[in-house]
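Got your viewer open and a colour scheme you like? Let's take a walk through this one, selection by selection.

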Amino acid sequence: MELPVKFCEEMKRILGEEEYGEYLASLEESRRYGLRVNTAKISPEEFEKIAPFPLTKIPYVDNGYYYDGSIQPAKHPYYFAGLYYLQDPSAMTPASRLPVEKGDMVLDLCAAPGGKATELAARLGGTGLLVANDISSKRAKALLKNIELFGVENSFVTTEYPQKLQEHFTGFFDKILIDAPCSGEGMFRKDSSMVKAWEQNGPEFYAGLQETILAQALPLLKPGGMILYSTCTFSPLEDEGSVAKLLAMDESLELVPMEGYSGFSEGRPEWIGSSDESLRLCARIFPHRMDGEGHFLALLRKRGNPSEAAQETVRRTPVVRAGLRGEEQELFAQFAGELNRVFEPERLESRNGMVYYMPEGLPRLRGLRFLRSGLFLGEIKKKRFEPSQSMAMALKKGEYKNCLELSSEDERVIRYLKGETLTLRGEEYQGRDGWVLVCVDGFPLGWGKKIKGTLKNKYHSGWRWL
């Protein structure tokens, strides 16, 4: 791999001649591949028991595993059931080090394609609110798919600049994750095209962009709240340099320790000519020191009384939802009669026949660009309610009375994921015709419609196995 001369000179400066040689040697080694278990659907221990391929625990991420690069986990039905997310091991660290608690209001500001947002959602466990934002509407579509695949029902997926979010969310969030756009030096081994991108827009460009993003995001944080800032670059200008700028923006901010690991390196204030020793609380990940690509992390807390923020939230205008009425209410109730879970009526909302289950605590949305608010349950069509793919993914086995349980070894699973009609067998004939929740080894995949001995395929056409 041919690296830019300017980049090599900077890496030699910060690492020293000997360690720089170790870094170069690591680029010739094979990269490690990782997957992260979706703890909203299955525990790591349970997944280990059913894992269809060999796994090795990632020591610095509780629900992370290495797998052999010759394996294709995205071609297994468990991937389509949302049991895991494929992610670089070191990229799992930011979401794992932001101390999200049940009931938190959480913002993932640069969220696409969803690797960090889905982990934050899993840790919320259906409580609180996750606002997952990405300024690119194209990238946000991939984010939305992953949010739905993971069965997240308490999210709001937006495509806005941070400054626009201030109109609705100033002083709102308990936790904010900013995995900032960066020069991507830590990804050179994983994606050689990043080298050319670095030559077009290097650290100086991204440091300016990061400063703007941080300045616009900071007002969104509550007193007592926390920000996790991360990049996938080695550049001190974008790492310690951007953190130093963030600290200068608000004197109530302070760096706080994160859960460590023996392979992590501390932040280096001297690399930016700073005397602020607190910058050593940042964490650096180098590929020659541990199994992963390059990453940088910093956790900051905003000093202040969280109760003051809570009082401000109470003063916000409450959102009163109309719920479902008339025929819509009746048709949804007919379908919901087959569910073994309750959707609170006051959180239901219909927009042109599209039915949503709205998160609690979501303020008014007028003027914001968004792709999804809450969980899309389905659509009222010609005197009937049709459940959505996202609703299927949010359910658990047993939460819908009429299920078709298939083994992952059953060839019909792949045929279902390809959109084909299935022939039912033996006891599968039993039960009434109508909607069926198709499951693989107890985990929902999507819907079908039983008509006598066949199952008409209702799997989302845009998600099909290719």
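In what order do the four strands of the open antiparallel sheet come? The order is β2-β3-β1-β4, with antiparallel pairing. Before you click further, some ground rules: this is a predicted model, where local features need pLDDT of at least 70 and side-chain atom pairs count only at pLDDT 80 or more, while totals for chains, interfaces and linings use all residues. Residues are numbered from 1 along each chain as its sequence is written, and side-chain values use heavy atoms, with hydrogens and water left out.

**Stop 1: the four-stranded sheet**

Strands here are DSSP runs of E with at least two residues, helices are runs of H or I with at least four, and both are numbered from the N terminus. Two strands count as paired if DSSP finds at least two bridges between them.

Select 56-57 and 84-86. These are β2 and β4, the edges of the sheet; each has a single partner strand, so one side of each is left without a neighbour in the sheet. Now add 64-67, which is β3: two bridges join β3 to β2, and the two run antiparallel. For a landmark, show K57, which stands opposite Y65 in β3.

Next, bring up 115-124. This is helix α6, which packs on the sheet and touches β1 (33-37) and β4; contact means heavy atoms within 4.5 Å. The direction of α6 makes about 30° with that of β1.

**Stop 2: a loop residue**

Select D291, in the loop between β12 (283-285) and β13 (295-302). Is D291 buried or exposed? Neither quite: D291 has 38% relative accessibility and so counts as partly exposed. The cut-offs are under 20% relative accessible area for buried and over 50% for exposed, with partly exposed in between, using a 1.4 Å probe and protein chains only.

Show what surrounds D291: leaving out residues up to four places away in sequence, D291 touches R32, Y60, Y66 and P89. Try a distance label too. The C-alpha atoms of D291 and I58 are separated by 8.6 Å, although the two residues are 233 apart along the chain.

**Stop 3: two helix pairs**

Two packed helices are described by the angle between their axes and the distance between the axes. Axes are lines fitted to C-alpha atoms, for helices over the stretch in contact, and angles run from 0 to 180 degrees between N-to-C directions.

Select 5-15 and 17-27, helices α1 and α2. Their axes are 7 Å apart and the packing angle is about 125°. α1 and α2 are therefore oblique to each other (under 35 degrees counts as roughly parallel, over 145 as roughly antiparallel, 65 to 115 as roughly perpendicular, and the rest as oblique). Turn on side chains for F7, C8, M11, K12 and L15 of α1, and E17, E19, Y20 and Y23 of α2, which make the contact. By class, these residues are six nonpolar, no polar and three charged. Nonpolar takes in Ala, Val, Leu, Ile, Met, Phe, Trp, Tyr, Cys and Pro, charged takes in Asp, Glu, Lys and Arg, and the others, Gly among them, are polar.

Now jump to 203-217 and 240-249, helices α10 and α11. Here the angle is about 30° and the axes are 10 Å apart, so α10 and α11 are roughly parallel to each other. The residues to show are A207, Q210, E211, L214 and A215 of α10 with S242, K245, L246 and M249 of α11. This contact has five nonpolar, two polar and two charged residues.

**Stop 4: the mixed sheet**

Five strands form another open sheet, in the order β19-β21-β22-β23-β20, with mixed pairing. β19 and β20 (422-423) are the edge strands, each pairing on one side only.

Select 434-440 for β21. Seven of its seven residues are buried, so β21 is largely enclosed by the rest of the structure. Add β19 (403-406), which runs parallel to β21 and is joined to it by four bridges; L404 has V438 as its bridge partner in β21. Then add β22 (443-451), which runs antiparallel to β21 with seven bridges. Look for V436 opposite G448 in β22. The β21-β22 hairpin has two residues between the strands, and D441 takes a positive phi near 50°.

**Last stop: a hairpin**

Select 348-351 and 354-357. These are β14 and β15, antiparallel and joined by four bridges, with S350 opposite V355 in β15. Two residues lie between the strands of this hairpin, and N352 in the turn has a positive phi of about 55°.
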